[in-house]
Amino acid sequence: MKYAQNILETIGNTPLVKLNKVLGEDFPALVLAKVETFNPGNSVKDRMAVKMIEDAEKDGRLKPGGTIIEGTSGNTGMGLALAAIVKGYKCIFVTNSKQSKEKCDILRAVGAEVIVCPTDVKPTDPRSYYSVSKRLAAETEGGWYVNQYDNLSNRTAHYESTAPEIWEQTDGNLTHFVAGAGTGGTITGCGMYFKERNPNIKVIGIDTYGSILKEFHETGELHPDHAYTYITEGIGEDIIPENFDMSIIDHFEKVTDKDGAIYARKLAKEEGIFCGYSAGSAMAALVQMKDQFTKDDIIVVLLHDHGSRYVGKIYNDEWMKEQGWL
């Protein structure tokens with residue numbers, strides 16, 4: 001008999017799927033989507049969640065019966081919660097009011113306590129979800145603050161699992177790797193692996209207007225005051241997490257909130273691939289960059305999470321009309 005010992009053993013080995021319609025019939029390159037929704041928590045974050053927990057167990061930061069505390073937009077929390085269930089930990093997750101209701105409901109459904117903080121505050125503000133999660137970890141006996149932003153086990157997980165899978169699935173023939181950028185773990189971990197094997201592979205990060213990632217990549221100057229509120233979930237930052245190695249990334253492409261939403265809906269209706277907001281942003285970015293690709297290019301684009309997280313927002317016609325996008 002062939003079966004997994006627990007749900008964590010089903011993480012990884014996600015499919016690579018050719019995109020046929022969503023980018024337009026005249027799109028020059030072969031585009032292959034790494035569909036990370038096939039992970040049990042329905043996102044790429046399952047990979048790094050388990051890695052961060054296992055590394056913390058090994059060095060004693062997380063002890064038996066402890067409490068996992070993290071600031072999350074939802075997907076990392078889901079991965080952490082699944083691992084906590086299997087391994088016997090409690091979870092407290094802190095998120096911000098921008099995130100969809102579905103994400104919070106899903107986290108509560110798997111046994112986590114969820115605290116929602118305001119979005120429109122600086123990272124250093126005591127009300128921010130960064131600050132609240134740090135404070136809770138200090139106040140909670142047996143608490144461990146995961147800190148996916150600066151925890152380098154995040155990018156190591158993708159170096160060890162996501163990138164080798166893509167390399168094997170493409171026989172090492174990919175020319176471009178495209179992924180949304182938030183904590184920096186996925187794009188840096190995968191990019192490091194690919195560049196070691198072929199320095200000519202281009203690594204492209206998807207950013208959003210209101211985020212400071214593209215500006216910092218291009219200027220090396222940090223201006224947190226240049227950040228402003230945006231609607232897109234899962235990508236962009238108002239800080240520069242330690243997981244980033246900007247030298248690995250060749251280019252950041254910014255996408256509007258509107259285009260990310262519209263292209264997520266197109267991806268679902270034209271490819272049958274039901275993914276989240278950042279997947280739509282990645283599709284829009286590729287269309288914006290179409291003239292930079294050739295027929296010989298093989299582009300792998302990573303689709304981070306599942307559309308079920310956004311049915312009350314980008315997949316809801318009334319919400320889209322409220323934004324003036326439909």
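This briefing describes a sheet and three helices of the structure above. The model is predicted. Its sheet is open and has 6 strands, with mixed pairing. Helices H5 and H9 both contact this sheet, and the buried residues of helix H6 pack against parts of it as well as against H5.

**The sheet**

- The strand order is S1-S2-S10-S7-S8-S9.
- At the edges stand strand S1 (16-18) and strand S9 (251-255), each of which pairs on one side only.
- On average, neighbouring strands are turned by 25° against each other, with direction ignored.
- Strand S2 (residues 30-35) runs parallel to strand S10 (residues 298-303), and the two pair over 6 bridges.
- Within this pair, Val-35 stands opposite Leu-303 of S10.

**Helices on the sheet**

- Helix H5 (residues 153-169) packs on the sheet and touches S1, S2, strand S7 (176-180) and S10.
- The direction of H5 makes about 140° with that of S2.
- Helix H9 (residues 277-288) lies across S2, S7, strand S8 (202-208), S9 and S10.
- H9 runs at about 110° to S9.

**Helix H6**

- Helix H6 (residues 185-197) has 13 residues, which at 1.5 Å a residue should span 18 Å; its end C-alpha atoms lie 19 Å apart, so the two values agree.
- H6 is mostly covered, with 10 of its 13 residues buried.
- Among the buried residues are Gly-185, Thr-186, Ile-187, Cys-190, Tyr-193, Phe-194 and Lys-195.
- The buried residues of H6 pack against helix H5 and against strands S7, S8 and S10.

Terms used. Residues are numbered from 1 along each chain as its sequence is written. This is a predicted model: local features need pLDDT of at least 70, side-chain atom pairs count only at pLDDT 80 or more; totals for chains, interfaces and linings use all residues. Side-chain values use heavy atoms; hydrogens and water are left out. Two strands pair if DSSP finds at least two bridges between them. Helices (H or I, at least four residues) and strands (E, at least two) are DSSP runs, numbered from the N terminus. Axes are lines fitted to C-alpha atoms, for helices over the stretch in contact, and angles run from 0 to 180 degrees between N-to-C directions. Contact means heavy atoms within 4.5 Å. The expected span of a helix is 1.5 Å times one less than its number of residues. Buried means under 20% relative accessible area, exposed over 50%, partly exposed in between (1.4 Å probe, protein chains only).
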